[in-house]
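Got your viewer open and a cursor ready? Here's a short tour: at each stop, select what's named and take a look around.

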Amino acid sequence: MQRIDPEHHDGTSDATPGGEPDKRRPGELGFAVILLAASLFLLWEAYGIAGFDKLSSAGAIPMAATLAMVVSALLVALRTGKLPIDRAETLLQDILPVRVILFAALLVGYGLLLRPLGFLPTSALFLIIAIKLLAHRGWGWTVAVSLLSLLVIWLIFRIVFSVLMPAGIVPEAEVVQYFRTLVSGGAK
């Protein structure tokens with residue numbers, strides 16, 4: 001169950017983009033600057049496709065799109081920078097809590113471990129940690145739910161849809177072939 005801090009929230013949804021229209025939320029200017037930097041990088045990459053020789057070049061459409069991104073991000077950053085900061089909120093408590101940072105780190109770790117360990121062990125590790133953190137239940141329940149979920153996911157995607165997953169340290173192809181041989185009546 002989620003606990004609402006009455007000092008920072010009244011329990012209602014803050015559906016207004018950016019919170020109050022006349023105040024800047026913590027981290028909002030930093031995010032706008034990151035968007036501007038990313039847009040500038042993408043404009044540079046689009047320019048690298050074919051330069052700016054003519055309107056019919058291969059890079060013309062990507063450059064036009066990324067130029068629109070740069071102009072939009074610049075306007076957002078300038079407008080956001082002019083607003084006074086909302087002192088009623090804090091970045092770590094209201095905008096980017098530790099749990100969000102932790103899950104972002106878990107996703108990065110998942111991406112880094114997927115190739116060397118493979119789909120099954122990496123996904124099992126991710127699910128066990130994520131479910132333990134979110135459910136606050138015992139280890140037996142957490143591991144059982146994680147492994148059952150992983151089994152269902154693996155059966156659907158690997159067996160039913162034949163999606164190849166990174167094998168890593170588990171000899172998955174041999175296991176699948178063993179069960180296919182077993183189901184088809186064994187080797188004759």
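The expected span of a helix is 1.5 Å times one less than its number of residues. Keep that rule handy for the first stop, and bear in mind that what you have on screen is a predicted model.

**Stop 1: helix α1**

Select residues 28–50, which make up α1. With 23 residues, α1 should span 33 Å at 1.5 Å a residue, and the distance from its first C-alpha to its last comes out close to that, at 34 Å. Now highlight Ala32, Leu36, Ser39 and Ala46, the buried residues of α1. An α-helix has 3.6 residues a turn, so residues three or four places apart point the same way. What do the buried residues of α1 pack against? Show α2 and you'll see: α2 is their partner. Before leaving, click on glycine 51, which follows α1 and has a positive phi, near 70°.

**Stop 2: helix α2**

Next, select 60–82 to get α2. This helix has 23 residues and reaches 33 Å from first C-alpha to last, close to the 33 Å expected. Colour its buried residues: Ala60, Met63, Thr66, Val70, Ala73, Ala77 and Thr80. The buried residues of α2 pack against α1, just as those of α1 pack against α2.

**Stop 3: glutamate 89 and its partner**

Move on to glutamate 89, in the loop between α2 and α3 (91–95). Is glutamate 89 buried or exposed? It counts as buried, because its relative accessibility is 12% and the cut-off for buried is under 20%. Side chains of opposite charge can pair when their charged atoms come close. Add arginine 25 to your selection: its side chain and that of glutamate 89 meet in a salt bridge, 2.8 Å from N to O. The pair links distant parts of the chain, 64 residues apart, with arginine 25 sitting in the segment before α1. Arginine 25 is buried too, at 17% relative accessibility.

**Stop 4: a second salt bridge**

How many salt bridges are there by the rule used here? The count is two, so here's the other one to look at: select arginine 158 and glutamate 172, whose closest N and O atoms are 2.9 Å apart. This pair also links distant parts of the chain, with arginine 158 in helix α6 and glutamate 172 in helix α7, 14 residues apart. Arginine 158 is buried, with a relative accessible area of 10%, and glutamate 172 is buried at 4%.

**Stop 5: a nonpolar patch**

Switch on the surface and pick Leu148, Leu151, Val152, Ile153, Leu155, Ile156, Phe157, Ile159, Val160, Phe161 and Val163. Together they form a nonpolar surface patch with about 940 Å² of accessible area. Zoom in on one of them, isoleucine 159, which lies in helix α6 (residues 139–160). Isoleucine 159 counts as partly exposed, at 36% relative accessibility.

**Stop 6: two unusual backbone angles**

Which residue in the loop between α5 (119–135) and α6 should you click on? Try histidine 136. Its phi is positive, about 55°, although it is not a glycine. Histidine 136 counts as exposed, at 60% relative accessibility.

Finish at serine 162, in the loop between α6 and α7 (172–183). Serine 162 has a positive phi of about 55° as well, and it isn't a glycine either. At 45% relative accessibility, serine 162 counts as partly exposed.

Terms used: Residues are numbered from 1 along each chain as its sequence is written. This is a predicted model: local features need pLDDT of at least 70, side-chain atom pairs count only at pLDDT 80 or more; totals for chains, interfaces and linings use all residues. Side-chain values use heavy atoms; hydrogens and water are left out. Helices (H or I, at least four residues) and strands (E, at least two) are DSSP runs, numbered from the N terminus. Buried means under 20% relative accessible area, exposed over 50%, partly exposed in between (1.4 Å probe, protein chains only). Contact means heavy atoms within 4.5 Å. Patches are made of residues with over 30% relative accessible area and no salt bridge: like charges are joined within 9 Å, nonpolar side chains (Val, Leu, Ile, Met, Phe, Trp, Tyr) within 5 Å. Accessible areas come from the Shrake-Rupley method with a 1.4 Å probe; for residues, only the protein chains shown count as cover. A salt bridge is a side-chain nitrogen of Lys or Arg within 4 Å of a carboxyl oxygen of Asp or Glu.
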